[in-house]
Amino acid sequence: MESLARGERHLYRPHDRRSPQGSAARADVVTTQIVRNALNSAANQMKRVLIRTSVSPIIYEAYDFAVALYDREIRMLAQSPTLPAFMGTMSFCVEAAVEAVGGEAVVEPGDVILYNIPYGSGSHAQDLAIVMPTFHEDELVGYAAAKGHLADIGAKNPYCSDTTDLFQEGVLLPGIKLYRRGVLVPDILEILVANTRAPTAVEGDIMAEIACCHAGVAELARIVERFGLPVFRDCVERMYEHGEAVVRDFVAQLPNGVYRATGHLDNDGIDDEPISFDVELQVDGDLARFDLSAVPDAVRGPLNCPLPSTVSACRIVLSMLAGNEAPNEGHFRPLEVISRVGSMFHPVLPQPCYMYGWPFMSLLEALFEALAVALPGGVPSGTAGDLVAVGLYRYDETSGELQSAGTSVPVGGGASALADGATMFVPGLAMSQIPSAELQESKWPFVQVQSWEFLPDSGGPGQFRGGMGWELQLRVRTEVELITVVERTKVPSWGQAGGLPGQPNKVVLHYSDGRVTPTTKVTGLQLPAETVVSINAGGGGGYGRPADRAIDAVHSDLDAGLVTESHVREFYAHALTGAASRAAD
């Protein structure tokens, strides 16, 4: 990885490495499309293997993982759709992992490399990356890679909102071989298992990641064998050129200029001071440059977002708006990112990163807001900007291992110029799923789902209403430890064209003795049995003036219980007037 001094501006350009043998001009368009679909199918097979073999619901149900294929130059061939937050971060993992073991010259068939340093992976250390090389006739042709959230890796707590340096965040694996030429290095696995509170789950999920990478290696090798290495290389170059052209065409349609927005966080997990940061989108012809150099220095707590995920956020906003085809390295070429080393979006050792996902989500909101200025009517209003995550932990007396229950909750999405907002996960987690109440109670018997319903009046008023938030109430049957990492409780979603914000997020604890206590970020709080944790997911921003909302739409919401009569009187009084007029007629 490149070494820069703190405070120095850093310009990230995507790898523009060209295959020394490949030529897009030689590639046949039909064959290229077949190769492209074969690569996407291979990545999807990796995804299915990981879902089928993993132990933890956060992987097989919530899809908190990434799987991808890369060529020899570490350019993304295909990535299966899971969490968009991991889009394009895996190239950083592969590059750092291979470099750490000595470069491609020492990589051999059957090697399995482990890597989880946040500054190279883009995630917190709990997201362990697996990298496996692929060979064709003894020649390195690429890599299969996976990154998944493990139950526990020996951080100061099973999940943390208050770390102050990287070394509190778990066991660090700076690129080491767990398998050498297909042979397990048992000492490495023993160290991993000895440094977790949940050894069975962690070992099982690591082996599931390895299994999925084996599937990727086999499929990539099969594709190369089917078409031959020269044809494969030519088709890959043409595939990249097509992806680049798609995004450049989209960017070229944006007016040249500089577009700005401000992101918000409640606090850094240590102090309760709010944090704001300014972002800038510069459009110059068919090039989009995101300038994040004006953001604050890295904060004391763990709400710092490593550079790979900062780059990923910028990739997401372009990819989601430029088209809906599966991305590859070419789609990222029309994009540049300016950061500042040592800032909250480019932290360096030993700055903490455990809650990197929360500044990441707020960065996405700010970038979409900046793009909404450049593309009026083409970008939905803001979401509630968080996943309102709650974790509950206890030790199982029978197994002697940690039991963890945790869930992220979809929030209200922003309305568009054409429709009301939906209730869904924020853009960075768009492919995730929430476990059903039945699954939660089955996997986590110390938790009972007491209620789960929409929150009336939570969607931002507008001609098109913001997506609804909801309330999920969890009752704990036994004494547990609580971790909450709820964000955006102070600054709600943003609206457009006269649309208003929705309700912000919040979490409230209802104790059996009658005490009611709100909370935002807390680590390791002891909860007695019969405590009810009320998770209130916020609503999305509205679009257009509330006075322009269709009267029938207002009454439909009122009949469904999505809004109350007092809310209608405050924001949609015209609908009541219209109803009275129709009644008189």
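Leaving aside its neighbours within four places in sequence, which residues is asparagine 304 in contact with? The close-ups below, taken from a predicted model, begin with that residue and then move on to helices, a sheet and an arginine.

**View 1. Asparagine 304 sits in the loop between β11 and α8.** Here is the reply to the opening question: beyond the neighbours within four places in sequence, asparagine 304 is in contact with Ala298, Val299, Met344, Pro347, Pro352, Cys353, Tyr356 and Pro359. With a relative accessible area of 0%, asparagine 304 is buried, since buried means under 20%. The strand before this loop, β11, covers 287–291. For a sense of scale, phenylalanine 92 is 212 residues away from asparagine 304 in sequence, and the two C-alpha atoms are 17 Å apart in space.

**View 2. Helices α7 and α8 cross at roughly 90 degrees.** Helix α7 spans residues 229–252 and helix α8 spans residues 307–322, and their axes come within 10 Å. The two helices are therefore roughly perpendicular to each other. From α7, look for Val246, Val247, Phe250 and Val251, which meet Leu318, Leu321 and Ala322 of α8. Sorted by class, this contact has 7 nonpolar residues, with no polar and no charged ones.

**View 3. Helices α8 and α9 cross at roughly 40 degrees.** Helix α9 takes in residues 357–374, and its axis comes within 10 Å of that of α8. An angle of 65 to 115 degrees would count as roughly perpendicular and one under 35 degrees as roughly parallel; α8 and α9 are therefore oblique to each other. Their crossing is right-handed. On the α8 side, the contact is made by Ser309, Thr310, Ser312, Ala313, Cys314, Ile316, Val317, Met320 and Leu321. On the α9 side, you will find Phe360, Leu363, Leu364, Leu367, Phe368 and Leu371. By class, the contact of α8 with α9 has 12 nonpolar residues, 3 polar and no charged. Leu321 of α8 also takes part in the contact with α7.

**View 4. An open sheet of 4 strands runs in the order β14-β13-β19-β22.** The pairing in this sheet is antiparallel. Strands β14 (402–407) and β22 (521–527) stand at the edges with a single partner strand each, so one side of each has no neighbour in the sheet. From one strand to the next, the twist averages 20 degrees.

**View 5. Strand β13 pairs with β14 and with β19.** Strand β13 covers residues 390–395 and is joined to β14 by 6 bridges, the two running antiparallel. These strands form a hairpin with 6 residues between them, and glycine 400 in the turn has a positive phi of about 75 degrees. With β19 (residues 480–485), β13 pairs in the antiparallel sense over 4 bridges. Tyrosine 393 is a handy residue to follow here: it stands opposite serine 404 in β14, while its bridge partner in β19 is glutamate 481.

**View 6. Arginine 549 lies in the loop between β23 and α11.** The flanking elements are β23 at 532–536 and α11 at 551–560. Is arginine 549 buried or exposed? Arginine 549 is buried, with a relative accessible area of 3%. Leaving aside neighbours within four places in sequence, arginine 549 is in contact with Asp420, Gly462, Gln463, Phe464, Arg465, Val554, Asp557, Tyr572 and His574.

Methods. Residues are numbered from 1 along each chain as its sequence is written. This is a predicted model: local features need pLDDT of at least 70, side-chain atom pairs count only at pLDDT 80 or more; totals for chains, interfaces and linings use all residues. Side-chain values use heavy atoms; hydrogens and water are left out. Two strands pair if DSSP finds at least two bridges between them. Axes are lines fitted to C-alpha atoms, for helices over the stretch in contact, and angles run from 0 to 180 degrees between N-to-C directions. Angles under 35 degrees count as roughly parallel, over 145 as roughly antiparallel, 65 to 115 as roughly perpendicular and the rest as oblique. Contact means heavy atoms within 4.5 Å. Ala, Val, Leu, Ile, Met, Phe, Trp, Tyr, Cys and Pro count as nonpolar, Asp, Glu, Lys and Arg as charged, and the others, Gly among them, as polar. A crossing is left-handed if the near helix is turned anticlockwise from the far one by less than a right angle, and right-handed if clockwise. Buried means under 20% relative accessible area, exposed over 50%, partly exposed in between (1.4 Å probe, protein chains only).
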